[in-house]
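Trainee: I'd like to go through this structure with you and ask why each label is used. Can we take it one term at a time?

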Amino acid sequence: AYGARASSGQRALAASQGFSPRPCRPITGDRVQRLTMTKSADDLFPNHDGLEIRRGPGQLHATGILPAHGIATLIREQEIWGLRELDANQIQPASLDLRLGPQAYRLRASFLPGPERGVMECVEELTLHKIDLTGGAVLETGCVYLVPLVEALALSERTSASANPKSSTGRLDVFTRLITDFGTEFDQVVAGYKGHLYLEISPRTFPILVRPGSRLAQIRFRRGSHTSSDAEMQRLHDDIKLVDGDADIDGGIALTVNLTPDKEHDIVGYRAKRHSGVIDVDKIGAYDVLDFWDPVKVRPGKGLILDPDEFYILASREALHIPATHAAEMVAYNPLVGEFRVHYAGFFDPGFGAREAGGAGSRIVLEVRSHEVPFILEHGQIIGRFVLERLTDRPAVLYGAGLGSNYQRQGLKLSKHLKAL
């Protein structure tokens, strides 16, 4: 009933939150015309805010990130809907996977529509050509594409959202950003938004093969905001040890880079090969590591020189333990720690690395790209910080607990598309 890709854990999660797959909204009559990305969002979702809003079962807090059963409530209330029925395994402990639609547009440049225009108005001006994804299509490196997503939103005035690339997307150096009609920021969905969702895609290192239904990004929903203060994160760390050892907490918890070789392969990371083959984003364990990556070694006591515009996979020295009551996110790029970007995919679900979800601490895989000039990384150097945000309620199933999660208990790990070295 839930499709071949749904694991037993996903089916249990779906059953626990009362989710049953069905067409979210039938497309008949004049709705067909209205779904062609019209300018007025009110035309798409008339009187939606007049509907009675029900709380998710067992909701403990009025503000925070919505867990899986809260997302299922949004689906039942048709605040989330799609041109196809939603798959049960799209719902993660505190996020929803987003699916590509059947068409892509190759653009001259990236853009934000601004408060006066819809996305498709801008696409008409910037499109080089239109691509049919139905049979699969290759998105080339160095190009900018825009894909209308299957999912659309009709949020109430108290619900907002934010998006991020999925972990596997970031580890392939595929740059994605969510765009909304009349949007002024990437990856942000304002409270009360009613309209379609679009994903900007720009492969940086590897060309990728995608098709309708491919999942490159994820979205989180929140009521209000409850990012934990430094004092709250210190209390949590004292109780459950959010990271191994002492925590450096100052606007978030510091993460440092590990440049000590792992015992199995004697390497500290990987550097991407240019001019490699195509990676099918829907295939798991299908490609040999050495066809796409060069292992990186560092002599004892020496740093790692990041070459400009090369892409590296490294790991944090710390192992994270994200509690069931919170989710985490890497904070935005901070030029004060160095001229490099770290971690495209910044979401960590509740239970990531947690012992109660089968973890024993999970190290953060760092997607690193230096800018403009060579930059030396030293072992133990701070490369970023993460912050915690409270959930409105504990999810029924945690990250890694029977969900087929690919990165629980991870160390230095490439994307799921690669075979083990």
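**Why the labels fit**

Mentor: Let's start with Trp293, which is buried at a relative accessible area of 1%. Keep in mind that this is a predicted model.

Trainee: What makes Trp293 count as buried?

Mentor: Buried means under 20% relative accessible area. Trp293 has 1%, so the label buried applies.

Trainee: And how is the ring pair of Trp293 and Phe311 classed, and why?

Mentor: Their ring centres are 6.0 Å apart, and pairing needs centres within 6.5 Å, so they make a pair. The planes stand at 45 degrees, which falls neither under 30 nor over 60, so the pair is called tilted. Trp293 sits in strand E17 and Phe311 in strand E19, so the pair ties together parts 18 residues apart in sequence. Phe311 has a relative accessibility of 1%, so Phe311 is buried too.

Trainee: How many aromatic pairs are there by this rule?

Mentor: The count comes to 6 aromatic pairs. Take Phe206 and Trp293: their centres are 5.5 Å apart and their planes are at 70 degrees.

Trainee: Why is that pair called edge-to-face?

Mentor: The angle of 70 degrees is over 60, so edge-to-face is the right name. This pair links distant parts of the chain, 87 residues apart, with Phe206 in the loop between strand E11 (194–203) and E12, and Trp293 in strand E17 (residues 293–296). At 0% relative accessibility, Phe206 is under the 20% limit, so Phe206 counts as buried.

Trainee: Which residues form the aromatic cluster?

Mentor: One cluster is made up of Phe206, Tyr270, Tyr287, Phe292, Trp293 and Phe311.

Trainee: Now charges and rings. What makes Arg177 a charge over a ring?

Mentor: The charged end of Arg177 is 3.6 Å from the centre of the Phe186 ring. The distance limit is 6 Å, and the charge must also lie within 35 degrees of the ring normal. Arg177 is listed as sitting over the ring of Phe186. Arg220 likewise lies over the face of Phe347, at 4.3 Å from the ring centre.

Trainee: How many disulfides does the search of the whole structure find?

Mentor: It finds 0 disulfides. A disulfide would take a pair of cysteine sulfur atoms within 2.5 Å, so no such pair turns up.

Trainee: Are Cys122 and Cys143 buried or exposed?

Mentor: Cys122 has a relative accessible area of 1%, so Cys122 is buried. Cys143 comes in at 11%, which is still under 20%, so Cys143 is buried as well.

Trainee: What about Ile382: why is Ile382 called partly exposed?

Mentor: Ile382 has 28% relative accessibility, which lies between the limits of 20% and 50%, so partly exposed is the label. Ile382 is in strand E25 (residues 382–390). Ile382 and Leu255 are 127 residues apart in sequence, yet 5.7 Å apart in space from C-alpha to C-alpha.

Trainee: And where does His237 lie, and is His237 buried or exposed?

Mentor: His237 lies in helix H7 (residues 230–240). With a relative accessible area of 3%, which is under 20%, His237 is buried. Leaving out residues up to four places away in sequence, His237 touches Leu242, Val243, Gly245, Asp246 and Ala247.

Trainee: Which residues other than glycine have a positive phi?

Mentor: Gln78 is one of them, with a phi of about 60 degrees. Gln78 is in the loop between helix H4 (68–76) and strand E2 (80–82). Its 27% relative accessibility lies between 20% and 50%, so Gln78 is partly exposed. Asp309 is another, with phi near 65 degrees. Asp309 is in the loop between strand E18 (304–306) and strand E19 (311–320). At 41% relative accessibility, Asp309 is also partly exposed.

Trainee: In the open sheet with the order E6-E12-E16, which are the edge strands?

Mentor: Strand E6 (137–139) and strand E16 (279–280) are the edge strands, as each pairs on one side only. The sheet has 3 strands, and the pairing is mixed.

Trainee: How do you know that E12 pairs with E16?

Mentor: Pairing takes at least two bridges, and 2 bridges join strand E12 (residues 208–210) to E16, so the two strands pair. They run parallel, and Ile208 stands opposite Ile279 in E16.

Trainee: Last one: what is the mean pLDDT of the chain?

Mentor: The mean is 82, and 78% of the residues reach 70 or more. Over residues 1–57 the pLDDT is below 50, although this stretch has 114 contacts in the model beyond near neighbours in sequence. Where pLDDT is low, the predicted coordinates should not be read in detail.

Definitions and conventions: Residues are numbered from 1 along each chain as its sequence is written. This is a predicted model: local features need pLDDT of at least 70, side-chain atom pairs count only at pLDDT 80 or more; totals for chains, interfaces and linings use all residues. Side-chain values use heavy atoms; hydrogens and water are left out. Helices (H or I, at least four residues) and strands (E, at least two) are DSSP runs, numbered from the N terminus. Buried means under 20% relative accessible area, exposed over 50%, partly exposed in between (1.4 Å probe, protein chains only). Contact means heavy atoms within 4.5 Å. pLDDT is the predictor's confidence in each residue, from 0 to 100.
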